Amino acid sequence: MRAFERTFVVLAALACLTSAAAIPALAQDAGQQAEEPRWVQGELLGVDTENGTLTVRTSADTELKFHYTEDTEVTGAQEGMAGLATIDGSTVKVYYVTDGDVHTAVKIEVQSTS
């Protein structure tokens, strides 16, 4: 009976440790999924395809830089991001998520072209 009790205690301890290690990872995933994208509208100042960024000037005369990925959706511009790079001065609405100081565009809507 002693061997059974020791085995049970060891297995219970392992189960607790495994559960405790998984909780922070689950909480982090839940936090990332719960974040709703913010948005900003302004004038497209430029697209840097080499660094994967675009710069927008808001109505408050603030310049904001956004990173984009291959998953960033672009609407209102032909040829996606490549087309966006050719229409500086256009009004755009950028939906983005923030991770620390980095803003990543998830969707870019071209509102008007100049």
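## How β1 pairs up

Let's start with two strands of this predicted model. β1 and β5 run antiparallel, and six bridges join them. To find one spot along that pairing, look for Q41, which stands opposite K93 in β5.

β1 has another partner too: six bridges link β1 with β2, and this pair is also antiparallel. Here you can pick out D48, whose bridge partner in β2 is T53. β1 and β2 form a hairpin with four residues between the strands. In that hairpin, G52 has a positive phi near 65°.

## A look at T55

Is T55 buried or exposed? T55 sits in strand β2, and its relative accessibility is 17%. The cut-off for buried is under 20%, so T55 counts as buried.

What does T55 touch, once you skip its neighbours within four places in sequence? Its contacts are E43, L44, L45 and G46, plus E63, L64 and K65.

## The nonpolar core

Now for the largest nonpolar core, which has 18 residues. The residues with the most contacts inside this core are L54, F66, L84, V92, V94 and I108. At least two core residues come from each of these elements: β1 (38–48), β2 (53–58), α2 (80–84), β5 (91–99) and β6 (102–112).

Take V92 from that list of well-connected residues. Leaving out neighbours within four places in sequence, V92 is in contact with V40, Q41, G42, L44, V56, L84, I108, E109, V110 and Q111. Two of the names there, L84 and I108, are also on the list of residues with the most contacts inside the core.

Definitions and conventions. Residues are numbered from 1 along each chain as its sequence is written. This is a predicted model: local features need pLDDT of at least 70, side-chain atom pairs count only at pLDDT 80 or more; totals for chains, interfaces and linings use all residues. Side-chain values use heavy atoms; hydrogens and water are left out. A nonpolar core is a set of buried Ala, Val, Leu, Ile, Met, Phe, Trp, Tyr and Cys residues joined through side-chain atoms within 4.5 Å. Buried means under 20% relative accessible area, exposed over 50%, partly exposed in between (1.4 Å probe, protein chains only). Contact means heavy atoms within 4.5 Å. Two strands pair if DSSP finds at least two bridges between them.
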